[in-house]
Every structure is written in C-alpha cells, then in structure tokens.
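Reader: I am in my first year and still learning to read a protein model, so I would like a close look at a single part of this one. Could you take me slowly through one strand and then through what surrounds it?

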Amino acid sequence: MEQVSAGTLKAARKVIAVHVAYRSRANQRGRIPALPSYFLKAPSSLSLTGSDIERPTGCELLAYEGEIALVIGTAARRVLPRDAWSHVSFVTAANDFGVYDLKYADKGSNVRSKSGDGFTPLGPGLIPAAGLDPAGLRIRTWLNGTPVQDDTTAGLLFPFTQLVADLSQLMTLEPGDIILTGTPAGSSVAVPGEVIEVEVDSPGTALSTGRLRTTVTQGHEAWADYGSGPHTTDTDRIDAWGSAETAGLAPAGLSPELRRKLTSVGTATLSSQLRKRGLNNISIDGLASTRPGLRIAGTARTLRFVPHREDLFATHGGGYNAQKRAVDTLNNGEVLVMEARGDPGAGTLGDILALRAQVRGACAIVTDGAVRDIAELATLEMPVFHNGAHPAVLGRRHIPWDTDLTIACGGATVQPGDIIVGDADGLLVIPPSLVEEVVDDAIAQEHEESFIADMVAQGHNIEGLFPLNAQWRARYAAWADGNSDGRKGTTP
C-alpha cells in the first residue's frame, strides 16, 4: 500500500476542515447543523506519522480529533455529488489537533488554534478511493492505547460526496488538496507525554491505513507581546475535554451537613444575612413551587433558552439538544436553573424530563418560564419552581441554546456552582464562598428569634426586645445556655 510521504504533504495547497460532520459529535455538543461549514488549516501544519506535536507554552487545552482525510486526485470545480467521489484519489487517517487556549484570538477562523506546525498529522497508509464505499469506512482513536473514539461514516451528517461538491461550488479543489471530514464524539485533551493513535479502515474489504501515531511534547518558547497569547475560560475547558466532569469542573456539591444546615433555616433569615453582607439582588422572584412545603438546597446547573426563531430551532431544537443534555447530565444534589426571560407563553419543562432529573438525583428544577404537565409534576418528590402552566411545547416561544454558563432567572444572576436554597417564601442564590458563614449566622439568628418569639408569647413588649438591647441580650445569653438543644424555655 502506498504510504503518506513528504511528497504528499508538499502537494497539498489547501487543507480544508469541516466543523461538525458526525451525528454523535453534534449530539454531544447539542448543536445539529443543517449544512456543512468549514475552516482552513495551513499546509505547514501537515506532518507524518511518528512525529511529535508541541503543546505551546502557556497552553493547557491541546485537543485531538481523529478524522478521515480525503486526498483530491483530479481538479474539481462545480462538480455534482454523483460525480464527486471520482475526484478523490485516496483516503487516510488524520488528527485535527488544536489548542482551545487560542480560539478566542481569530474570531472563529481557527488560524492560530489549528495551524501550528505538526497540528495535522496524516497517514501512515493511503487507501485508494477507487472502488471504495465512502459510506463503509470506520474511524478509531486511541489515547495511550485506550480506545476513545469509534464511529463509522454511516453516522455522518454530510456524506463525503456532498462535502466535495459543496466546496467545489466556490473554489477549485486541486490535486493534492486535503479535506478533513470531521470528528465523531470522544475528542478530548492530551497532555505532554501522551500518545494518540488514529486508524481508518474499511471493515468490508480489510483495507486499513495502519495507526497514525503522534506524541505530545511541551513547548518552551515564550510568547511575544506583539500577538495574542493563550487565554482559557471554563467554557473552553468544557468544550475541549468534552464535558464539565472530565474537565474537573463539575460542582463538588454540598456536604450532607451543610445541606442539613441550609434546609434547617428559612430563606427569609438567609436573605437578611446576605443583606448584611451587601447582597440585595439574590432572590429569584415570581415563581411558585409544586411542593411549597418542601425546603431545598443544592448547587446550580444552568440552561439558557433564547427567543424562538424558526431557522435556529431547526439546528438547536431537535435531537439531543441543550435541554436534554442538561437534564441527562444532572448529578445528585444539583438544581437545574433555566433562563426563559420570564416568558410564560410555552412550557420549558414537562413530566418526562422532570422525572429524568429526579432519577438523576436533582433536588429541584427552577424556571422563570412556564411548565407543562403541572399535575404530574406535582406528584414528583422533587419540587419544580415555575412561572405558571402552559400546554404549548417550548418550540412555540423558546430554543434551548446553551448550558453551564452565567444566566438570569427571575431577576437574579445565577452561575454554575452557586448555592440555590428554596422554601415557601421563595428562592435565593448564595455565592459558594459565603455559604458557610451565612448559614451559621442564620442558624444563630433563628435561635435568637426563637427566644424573642417565646418572650412575646409570654406578654413582653417589643421595645428593646426586637431587636435585642443590651439588657435583653444578657437575658438571651442565659436562655441560650439552657436551651442549646433548641427547646424553648421561660424567662430567665
């Protein structure tokens, strides 16, 4: 079998890559494109099997993407899909490396994030395209010998012939040009010292490229101040690793003891403690609970809906969309908080997804939009805080857009990992850094108020008692010493 050689690399005048092409990848991302879209990689990024790839200084998110590469054999310009395959000479294995730390720098063009030297290894073997069924190929990737990607071209959203024909509408595909046809689910991050291998084969014919092997090394060259350097956000980390959990960003959750403390006091008391710390805009307003007598406390996961638009709903509303992905990845003790712009004109949740959230261990769902199936929701053990009921599906007013980002819900800003506490009085958002001191002071406040209520019940005047003056505070201290177990006492 012919091998990818230095001559193969030199012949490529263009390297064109597809953004999202496999259904498994689209489902993982919650975005299903209606048509293919592309970006360019520099031909100088091409390398051979066995080469090293250098992770640039200051970068943490070097992501691998096992792909099938098409090598153009004869010039193609305005070809039809039925004729497109005849212009492909070979298929081979490729690894579409990129550093997410630089994605921000070039407004979506991927110039720096994807075009570093060695960022597009190819090979080792070239499978002749003639007589090959492009719908019968398999792509597999291994990280340090462990399988991480395994899919077939039967899972493509856009067949290879469509890609070739589409690109040829505006540009001439020249002999030697490379088309990277997209990666399936399973792409993630590699670190220095790790080895990534990619293989393309045709199970029906036993033809194989062999394994394309690349080793990650660490770069040491400093970045100059006349260009953009690495910059990474948690969103980048989640995208590069594939999920918040694998990126190490999944909320740690509340300990059983902290949850017990938070649900032992009312939101009114917690609100007053937050106000003392200068936090006044921490209530999620205007919502009712399907279980108003139940107190909840958990860590926030977030989901944002945007206003409905027909063309965008076609790509984001169906399939394994952001809403389903959010519900399906909830963890024990989490609260799913949804931004629906306070619009009650369509349901943002129904009984099936709510049941799935409960099974996953969620302690509540919060939406400032409407819900469907409210009678069924009321039978769940898990409360749903909502802005009313509406029979319409979300596609009438909303599109589930993205997850695990800062949102607005019921007039409050909510970030992933914030602490959500709710009861019959309403819902509060507590910054994680303050929750321990806030709840301890709230417990002390409620103990003090228990004494005040006891004194009022015994006929004492409010003056000097609420709030406590020095005399009453001394009497409270004596009362508290004898009532540390929470039992009400009498006047000391």
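Author: What follows starts from the strand β15 and then moves outward to its partners, to the core, and to a few other places in the chain. Please keep in mind throughout that this is a predicted model.

The strand β15 covers residues 195–202, and a good opening point is how much of β15 is hidden. Eight of the eight residues of β15 are buried, so this strand is largely enclosed by the rest of the structure. In a regular strand the side chains alternate between the two faces of the sheet. In β15 one side carries V195, E197, E199 and D201, the other side carries I196, V198, V200 and S202, and the residues on both sides are all buried.

Which strands pair with β15, then? Strands of a sheet pair through backbone hydrogen bonds, either parallel or antiparallel. Strand β11, residues 138–143, runs antiparallel to β15 and is joined to it by six bridges, and within this pairing R140 stands opposite E199 of β15. Strand β17, residues 212–218, also runs antiparallel to β15, with four bridges between the two, and here V195 has T215 of β17 opposite it. Strand β16, which is made of residues 207–208, pairs with β15 in the antiparallel sense over two bridges, and D201 stands opposite S208 in β16. Between β15 and β16 there are four residues, the two strands forming a hairpin, and in its turn A206 has a positive phi of about 70 degrees.

From the strand we can step into the nonpolar core. The largest nonpolar core has 35 residues, of which I68, L70, V91, F160, V164 and L173 touch the most other members. Strand β15 is one of the elements that each supply at least two residues of this core, and the others are β1 (15–18), β6 (66–72), β7 (88–95) and α5 (160–168). The helix α5 gives the most to this core, with five residues. To see what one member meets, consider F160: leaving aside its neighbours within four places in sequence, F160 is in contact with I68, L70, W85, P134, L137, T153 and T181. Apart from this core lies another one, of 20 residues, which includes A322, A326, L330 and V384.

Another strand that contributes to the largest core is β7, and it can be read in the manner we used for β15. Seven of the eight residues of β7 are buried, so β7 is largely enclosed by the rest of the structure. Strands β6 and β7 pair in the antiparallel sense over seven bridges, and in this pairing I72 stands opposite V88 in β7. Strand β7 also pairs with β10, residues 127–128, in the antiparallel sense over two bridges, where the bridge partner of V91 is I127.

The loop that runs between β9 (120–122) and β10 holds P124, and a cis peptide bond, with omega about 0 degrees, joins G123 to P124. Both of these residues are also contacts of V4: setting aside the neighbours within four places in sequence, V4 is in contact with L9, L48, T92, L122, G123, P124, G125 and L126. V4 itself lies in the segment before α1 (6–11). With a relative accessible area of 10%, V4 is buried, because buried means under 20%.

A positive phi, as in A206, also turns up in two loop residues. N110, in the loop between β8 and α4 (111–114), has a positive phi of about 65 degrees although it is not a glycine, and N110 is buried with a relative accessible area of 8%. D404, in the loop between β24 (398–403) and β25 (407–409), has a phi near 55 degrees, again a positive value in a residue other than glycine, and D404 is buried with a relative accessible area of 17%.

Finally, two helices give a view of another kind of packing. Helix α13, residues 435–457, and helix α14, residues 470–482, pack at an angle of about 105 degrees with their axes 11 Å apart. That angle makes α13 roughly perpendicular to α14. The residues of α13 in this contact include A444, H447 and F451, and those of α14 include W472, Y476 and W479. By class, the contact of α13 with α14 has seven nonpolar, two polar and four charged residues.

Note on methods
Residues are numbered from 1 along each chain as its sequence is written. This is a predicted model: local features need pLDDT of at least 70, side-chain atom pairs count only at pLDDT 80 or more; totals for chains, interfaces and linings use all residues. Side-chain values use heavy atoms; hydrogens and water are left out. A nonpolar core is a set of buried Ala, Val, Leu, Ile, Met, Phe, Trp, Tyr and Cys residues joined through side-chain atoms within 4.5 Å. Buried means under 20% relative accessible area, exposed over 50%, partly exposed in between (1.4 Å probe, protein chains only). Contact means heavy atoms within 4.5 Å. Axes are lines fitted to C-alpha atoms, for helices over the stretch in contact, and angles run from 0 to 180 degrees between N-to-C directions. Angles under 35 degrees count as roughly parallel, over 145 as roughly antiparallel, 65 to 115 as roughly perpendicular and the rest as oblique. Ala, Val, Leu, Ile, Met, Phe, Trp, Tyr, Cys and Pro count as nonpolar, Asp, Glu, Lys and Arg as charged, and the others, Gly among them, as polar. Two strands pair if DSSP finds at least two bridges between them.
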